Amino acid sequence: MSHAETELKLLLPGAQPSTIEERLRRLGALARRRQATHWLWNVYFDTPDQQLRQQRHALRLRCISDIPWRANASAATVRGEWVQTFKSAGVSQGGLSRRGEWERRQPSGRLDPEALRETPWADLDPDGRLFGQLTPCFETRCRRTVWTLHRYQGATIEVALDIGEIAACGRSEPILELEFELLQGPSDALFHLARQVASEVAVLPFDQSKAERGYRLAQDQPREASPAQAVHLAPGTGPQQAVVQALAACFDHFSRNLACTLVSDDPEVVHQARVGWRRWRSAVRLFAPWLPGRPDADGLRPLLAELGRMRDLDVLRVDTLGRWLPAFVDEDAQRQRIADVALERIDEARRAQRRRLRDALAAPGTGQTLLALAQGLFQLATAQTAAGAYDTPWARKRIRKLRRRLDAALKASRRAPADLEKDHRVRIQAKRVRYAAEILRDLLPARRTKGLTRAAIEVQTRLGAERDLRQAVRLLEELRTDAALTSFLRGVLTGLHG
């Protein structure tokens with residue numbers, strides 16, 4: 001059996017596995033709906049060099065059981081209905097993914113090459129050599145609770161709550177997520193239902209599959225920051241098509257790193273989340289003439305404020321003091337004690353701030369706003385005009401306008417005394433130019449994009465060093481650290497202007 005799978009995947013930040021099912025059962029959208037519960041045991045297969053992963057395919061065996069397994073059960077001993085599933089490479093946008101899926105029951109509980117004959121596997125492995133190399137890579141085990149909604153916004157939707165774990169090589173990590181799968185009807189209905197649920201339960205759009213997480217676990221790779229992915233625009237791409245590609249890349253960059261902040265304390269994760277959001281805002285400004293309206297992101301203000309505060313403390317601890325503390329201490333025992341006390345207070349503040357950040361991620365308003373943005377992006381993609389050549393040199397015009405604004409801001413800042421907020425606005429303008437040049441690089445002469453990017457980075461670097469020192473002095477004063485340290489940093493700041 002084959003079909004095109006369309007689903008919206010959400011994390012449930014702050015939820016407790018022991019109580020989340022009861023909370024969902026009471027929601028208006030799911031109350032009085034027929035509910036089914038079963039236990040899923042999935043075994044994923046790949047070649048030793050992970051050829052399926054490289055081509056973004058997935059092959060698994062799933063055992064579906066109506067009763068829980070024993071604590072010491074294994075995939076070889078569980079009893080239930082076995083299903084073999086092959087998934088082809090798909091596309092994902094704002095948590096909504098689409099991919100081909102082929103399923104067949106396998107009473108033997110073993111992989112069967114015959115079940116792959118009518119799938120893209122035939123092109124992937126025409127002589128069967130690949131199939132002969134397949135071995136188990138990792139497993140997922142979860143309790144799945146399913147609600148099926150008929151005639152919801154003209155659609156049939158399956159809502160699945162998964163609670164369990166991914167296991168590989170003796171390691172494991174928890175699964176706690178909600179999936180909305182479209183069985184029939186318009187895709188927009190998935191967003192309507194998800195936003196209705198998000199009004200009462202905190203969610204985060206999440207486009208990483210269990211397979212992607214399983215591969216990472218099998219290789220013992222930590223959850224890491226996701227860098228921005230390049231936007232590749234074909235020659236002749238019009239602004240209506242370019243805006244969809246750009247905003248989709250920015251949204252995925254932002255949301256992936258937001259999800260990572262739930263489990264990682266790496267400062268780079270917070271940094272990349274903020275970069276993702278700045279790129280989103282820059283893209284909205286860049287393509288403003290072709291957007292039906294500015295996307296409403298007011299609901300993210302509390303989260304963005306917590307992200308900014310977290311980033312300021314990280315920069316203070318890792319970058320600013322990492323660079324200047326050795327010169328401050330200079331083998332002086334008393335100054336070393338001052339530095340140690342300052343670092344203790346900063347680390348305490350960072351731990352408290354990380355809790356506030358995760359609380360903001362677990363606030364219903366955060367997920368509601370992210371889903372609204374994702375839905376707007378989906379609707380924009382659906383309504384975009386047919387691809388084709390666009391005669392007006394729109395990309396060059398937009399870049400020239402941004403460069404003029406940056407030049408004007410730089411001139412204004414040079415005429416006035418040093419000012420933290422004014423310099424910050426210049427840096428923001430430089431970032432907009434840089435991000436725009438990166439988004440439009442395929443539509444502009446290489447010489448122009450390289451020059452713009454280089455100039456923007458130079459402005460960011462020069463003004464950023466001064467701003468970081470000013471922020472360091474302000475934060476250290478808030479934390480009531482010894483005045484000797486703040487006086488030293490003020491001296492460094494004066495030296496930069498000298």
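This report covers the cores, empty spaces, cysteines and selected buried residues of a predicted model.

## Nonpolar cores

The largest nonpolar core has 90 residues. Leu24, Ile157, Phe180 and Leu440 have the most contacts inside this core. Helix H7, residues 239-261, gives the most to it, with eleven residues. Another core lies apart from it. That one has 30 residues, including Trp39, Val43, Phe131 and Ala211.

Ile157 deserves a closer look. Setting aside neighbours within four places in sequence, Ile157 is in contact with Trp147, Thr148, Leu149, Tyr152 and Phe180, among others. Its contacts also include Glu181, Leu182, Ala189, Leu190 and Leu193.

## Helix H5

Three of those partners of Ile157, namely Ala189, Leu190 and Leu193, are also among the buried residues of H5. This helix spans residues 188-198 and is mostly covered. Eight of its eleven residues are buried. Besides the three just named, the buried set includes Asp188, Phe191, Ala194, Val197 and Ala198.

## The enclosed cavity

How many cavities of 30 Å³ or more does the model hold? The count comes to one. The largest cavity holds about 40 Å³ of space. Its lining consists of Thr261, Ser264, Asp265, Asp266, Val270, Arg354, Leu357 and Arg358.

By class, that lining has four charged, two polar and two nonpolar residues. Helix H10, residues 333-361, gives the most to the lining, with three residues.

## The second largest pocket

The second largest pocket has a volume of about 1,100 Å³. It is lined by 41 residues. Closest to its centre are Arg274, Arg278, Arg311, Arg427 and Lys431. Four helices each give two or more residues to the lining: H8 (267-286), H9 (301-329), H13 (420-439) and H14 (446-478). H9 gives the most, with twelve residues.

The lining divides into 17 charged, 15 nonpolar and nine polar residues.

## Cysteines without disulfides

The structure holds zero disulfides. Why is Cys137 not bonded to Cys169? The sulfur of Cys169 is the closest cysteine sulfur to that of Cys137, but the two are 8.9 Å apart, too far for a bond. A disulfide needs sulfur atoms within 2.5 Å.

Cys142 is in no disulfide either. The nearest cysteine sulfur, in Cys63, is 12 Å away. Cys142 counts as buried because its relative accessible area is 3%, and the cut-off is under 20%.

## Two buried polar sites

His57 sits in the loop between helix H2 (51-54) and strand S3 (58-65). Is His57 buried or exposed? It counts as buried, at 14% relative accessibility. Beyond neighbours within four places in sequence, His57 is in contact with Leu52, Phe86, Lys87, Ser88, Ala89, Arg99 and Leu124.

Thr320 lies in helix H9. Thr320 is buried, with a relative accessible area of 6%. Which residues does Thr320 contact, leaving aside neighbours within four places in sequence? They are Val315, Asp468, Leu469 and Ala472. Lys450 is 130 residues from Thr320 in sequence. In space, the C-alpha atoms of Thr320 and Lys450 are 29 Å apart.

Notes: Residues are numbered from 1 along each chain as its sequence is written. This is a predicted model: local features need pLDDT of at least 70, side-chain atom pairs count only at pLDDT 80 or more; totals for chains, interfaces and linings use all residues. Side-chain values use heavy atoms; hydrogens and water are left out. On a 1 Å grid over the protein atoms alone, a cavity is a set of points where a 1.4 Å probe fits but cannot get out, and a pocket is an open set with protein on both sides within 12 Å along at least five of seven lines; lining residues have an atom within 4 Å of a point. Grid points are joined across faces, edges and corners, and a volume is the space filled by probe spheres set on the points. Ala, Val, Leu, Ile, Met, Phe, Trp, Tyr, Cys and Pro count as nonpolar, Asp, Glu, Lys and Arg as charged, and the others, Gly among them, as polar. Buried means under 20% relative accessible area, exposed over 50%, partly exposed in between (1.4 Å probe, protein chains only). A nonpolar core is a set of buried Ala, Val, Leu, Ile, Met, Phe, Trp, Tyr and Cys residues joined through side-chain atoms within 4.5 Å. Contact means heavy atoms within 4.5 Å.
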